[in-house]
Amino acid sequence: MANHKSAEKRIRQTARRTEINRARVSRIRTFLKKVETAIATGDKSAAAEAFKSAQPELMRGATKGVLHKNTVSRKLSRLSSRIKALG
């Protein structure tokens, strides 16, 4: 347990940030899942629409530091190419 005021404050801050970050990652996963299901059904327009809504959410995750920017770029690139491949 923390012995100093600053350490106690740090614990509170960490708990708050962890909660926010977990919510953000969960939200990102939900958006990705929507894109994945749209691709799985083979509906190109629905997949493109889901991708368009997921893109800013992923970029926000990179900006806020919950995901690395290269990870986000890789995911977006792979999803985009899979959507383009749909007939």
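This passage describes how three helices pack against one another in a predicted model.

The pairing of helix α1 (residues 5-41) with helix α2 (residues 44-64) is a good place to begin. Their axes come within 9 Å and cross at roughly 155 degrees. With angles over 145 degrees counted as roughly antiparallel, α1 and α2 are therefore roughly antiparallel to each other. The crossing in which α1 passes α2 is left-handed. On the α1 side, the contact is formed by Arg24, Arg27, Ile28, Phe31, Leu32, Lys34, Val35, Ala38 and Ile39. Their partners in α2 are Ala46, Ala47, Ala50, Phe51, Ser53, Ala54, Glu57, Leu58, Gly61 and Lys64. Sorted by class, the contact of α1 with α2 comprises 12 nonpolar, 2 polar and 5 charged residues.

Turning to the next pair, the axes of α2 and helix α3 (residues 69-85) come within 10 Å, crossing at roughly 175 degrees. This angle makes α2 roughly antiparallel to α3. From α2, the residues in contact are Lys44, Ala47, Ala48, Phe51, Gln55, Leu58, Met59 and Ala62; α3 contributes Lys69, Val72, Lys75, Leu76, Leu79, Ser80, Ile83 and Lys84. The class count for the contact of α2 with α3 is 10 nonpolar, 2 polar and 4 charged residues.

The remaining pair is α1 with α3, whose axes lie 10 Å apart at an angle of about 20 degrees. Since angles under 35 degrees count as roughly parallel, α1 and α3 are therefore roughly parallel to each other. Their crossing is left-handed. Here Leu32, Val35, Glu36 and Ile39 of α1 meet Lys75, Leu79, Arg82 and Ile83 of α3. This contact of α1 with α3 has 5 nonpolar and 3 charged residues, with no polar ones.

Some residues recur in these lists. In α1, Leu32, Val35 and Ile39 meet α2 and also α3. In α2, Ala47, Phe51 and Leu58 take part in the contact with α1 as well as in that with α3. In α3, Lys75, Leu79 and Ile83 touch α2 and likewise α1.

Aromatic rings round off the picture. The charged end of Lys34 sits over the ring of Phe31, 5.1 Å from the ring centre. A search of the whole structure returns 0 aromatic pairs.

Key. Residues numbered from 1 in each chain as written. Predicted model: local features only at pLDDT ≥ 70, side-chain atom pairs only at ≥ 80, totals over all residues. Heavy atoms only, no water. Axes fitted to C-alpha atoms, helices over the stretch in contact; angles between N-to-C directions. Helix = DSSP H or I, 4+ residues; strand = E, 2+ residues; numbered from the N terminus. Parallel < 35°, antiparallel > 145°, perpendicular 65-115°, else oblique. Left-handed = near helix turned anticlockwise from the far one by under 90°. Contact = heavy atoms within 4.5 Å. Nonpolar A, V, L, I, M, F, W, Y, C, P; charged D, E, K, R; others polar. Phe/Tyr/Trp six-rings, centres within 6.5 Å; stacked < 30°, edge-to-face > 60°. Lys NZ or Arg CZ within 6 Å of the ring centre and 35° of its normal.
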